[in-house]
Amino acid sequence: MGKELHIETKCLHSGWKPKKGEPRMMPIYQSTTFKYDTSEEMGRLFDLKDEGYFYTRLQNPTNDMVAEKITDLEGGVAGVLTSSGQAANFYAVFNICEAGDHVICASAIYGGTLNLLGVTAKKMGIECTFIDADAPAEELEKAFQPNTKAVFSETISNPALVVLDIEKMAKLAHEHGVPLIVDNTFATPVNCKPFEWGADIVTHSTTKYMDGHAMQVGGAIIDSGKFDWDAYGEKFHGLTRPDESYHGIVYTEHFGKSAYIAKINAQLMRDLGSIPSPMNCFLLNASLESLPLRVERHCYNAQKVAEFLDAHELVGHVNYAGLPNDKYHELAKKYMPNGTCGVISFELKAGREAAVKFMDSLKLASIVTHVADAKTSVLHPASHTHRQLNDEQLKAAGISPGLIRLSVGIENVEDIIDDLAQALEESKTL
Ligand SMILES: *Cc1c(COP(=O)(O)O)cnc(C)c1O
């Protein structure tokens, strides 16, 4: 087929392609190892002279087929799956950074990533400067240092719902000779393909919409193949100079455009080993088949729910880029014309106590530490994720005591709105 397939079709047909007599569904290679006939054959695999599987910590056929599917969805050249979204973001950065290096990261970002780059990476000697990604380019320039190796951001940030100006950030990164890494978890490739706007590497917590059924934790890293590592050979010496821990291989020479992912497999997976289980990849693959349908419904429902909340007398500010008065509406229209995601945050005017009463009165929406599930879920940051903070500290973190994070599911939207309406009514009776 000459013509590029649409994403709905890729979600079903990319990755595993059965030939005559082979299983319709992708097989699970639930095996740690793979058999060879001669010692020489096995030796050639270790030298990376032949291609083949030998140990699942390095690579597994089931995992690779699902990585291939997600790579195809993003329009990349190579990809790898990890055991969690955290592992994906860690590897994406650590693959090109070492002690003495520096990264730039948007400050409105997932809490886990904030800790990873702000606290744990620092212990490894990697410094991070957090920036307000909304600031003009002239302002952001100042964050770059001679040892800066990457810029990191999220397409739609969790939980602040900030939409990234991908083109602006990619241009800035490229002017300073570093790649832009974008965590595309909330938008998914169904709503946004960051590579089309200049991003170089995309990461995912597949735990969220890609899995979508609260079944398994996982991550993915996809390379666009567009960043020219050799143009900055000294800066990215891990990719462009001999790797003494791997028989002096030069990744860019040996693997060309898939050098970045090849290095993750050969080096980081070998030494750190955050691989997903083939069983989890099988489940992820099945979920991916319905991703476009689910994302469309999540967005349709979230838009209706956001409009309902926005018009409600007990509700203060509603954050959702689909609302015309939202700060990120214009950016969302440019980068995600078909919708953003199913996550909304909103504020109960009556504050903390009313928010707790509201949560406890919900009958359909479940209280869980999770987002992007097919089932509507809800969290009260002041009582849960940010529980240790007092009201003053909450304010500094941009979270008001009455703020609710709502992940709108794919139920019938009337049932979701009815549930919210009755719980809002209950919240008056403190
Ligand atoms: C959840 C999440 C992560 C972390 O992923 P895990 O799979 O929970 O490790 C990273 N980034 C974003 C945007 C997330 O929502």
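Two strands count as paired when DSSP finds at least two bridges between them, and the legends below use the term in that sense for a model that is predicted.

**View 1. Strands β2 and β4 run side by side in a parallel arrangement.** Strand β2, which spans residues 102-106, is joined to strand β4, residues 148-154, by four bridges. Within this pair, I104 stands opposite V151 of β4.

**View 2. Seven strands make up an open sheet with mixed pairing.** Read across the sheet, the strands follow the order β1-β7-β6-β5-β4-β2-β3. The edges are formed by β1 (78-82) and β3 (127-131), each of which pairs on one side only, and the twist from one strand to the next averages 20°. Helix α11, residues 259-271, packs on this sheet and touches β1, β6 (201-205) and β7 (219-223), with the direction of the helix making about 30° with that of β1.

**View 3. A second view of sheet architecture shows five strands in an open sheet, again with mixed pairing.** Here the strand order is β8-β9-β12-β11-β10, and the edge strands, each pairing on one side only, are β8 (315-319) and β10 (366-367). Helix α13 (residues 291-310) packs on the sheet, where it is in contact with β8, β9 (343-348) and β12; the direction of α13 makes about 10° with that of β9.

**View 4. Strands β11 and β12 of the five-stranded sheet run antiparallel.** Three bridges join β11, residues 377-379, to β12, residues 403-407. In this pair S377 stands opposite S407, a residue of β12.

**View 5. The ligand is surrounded by 15 residues.** The closest of these residues are G85, D183, S205, T207 and K208. By class, the shell around the ligand divides into three nonpolar, nine polar and three charged residues, and helix α4 (residues 85-94) gives the most to this shell, with three residues.

**View 6. Polar atoms of Q86, D183 and S205 lie a short way from atoms of the ligand, at the distances listed here.** A backbone N or O atom of Q86 is 2.9 Å from an oxygen atom of the ligand. In the side chain of D183, an N or O atom lies 2.7 Å from a nitrogen atom of the ligand, whereas the side chain of S205 places an N or O atom 2.8 Å from a ligand oxygen atom. Taken alone, the ligand exposes 380 Å², of which the protein buries 93%.

**View 7. A cis peptide bond leads from N158 to P159.** The omega angle of this bond is near 5°, and P159 belongs to the loop between β4 and α7 (166-175). As background for this view and the next, most peptide bonds are trans, and most residues other than glycine have a negative phi.

**View 8. L48 has a positive phi although it is not a glycine.** The phi angle of L48 is about 60°, and the residue is found in the loop between α2 (39-46) and α3 (61-74).

Key:
Residues numbered from 1 in each chain as written. Predicted model: local features only at pLDDT ≥ 70, side-chain atom pairs only at ≥ 80, totals over all residues. Heavy atoms only, no water. Helix = DSSP H or I, 4+ residues; strand = E, 2+ residues; numbered from the N terminus. Contact = heavy atoms within 4.5 Å. Axes fitted to C-alpha atoms, helices over the stretch in contact; angles between N-to-C directions. Near = heavy atom within 4 Å. Polar contact = N/O pair within 3.5 Å; in protein donor to acceptor, adjacent residues only side chain to side chain. Areas by Shrake-Rupley, 256 points an atom, 1.4 Å probe, with all protein chains shown as cover. Nonpolar A, V, L, I, M, F, W, Y, C, P; charged D, E, K, R; others polar.
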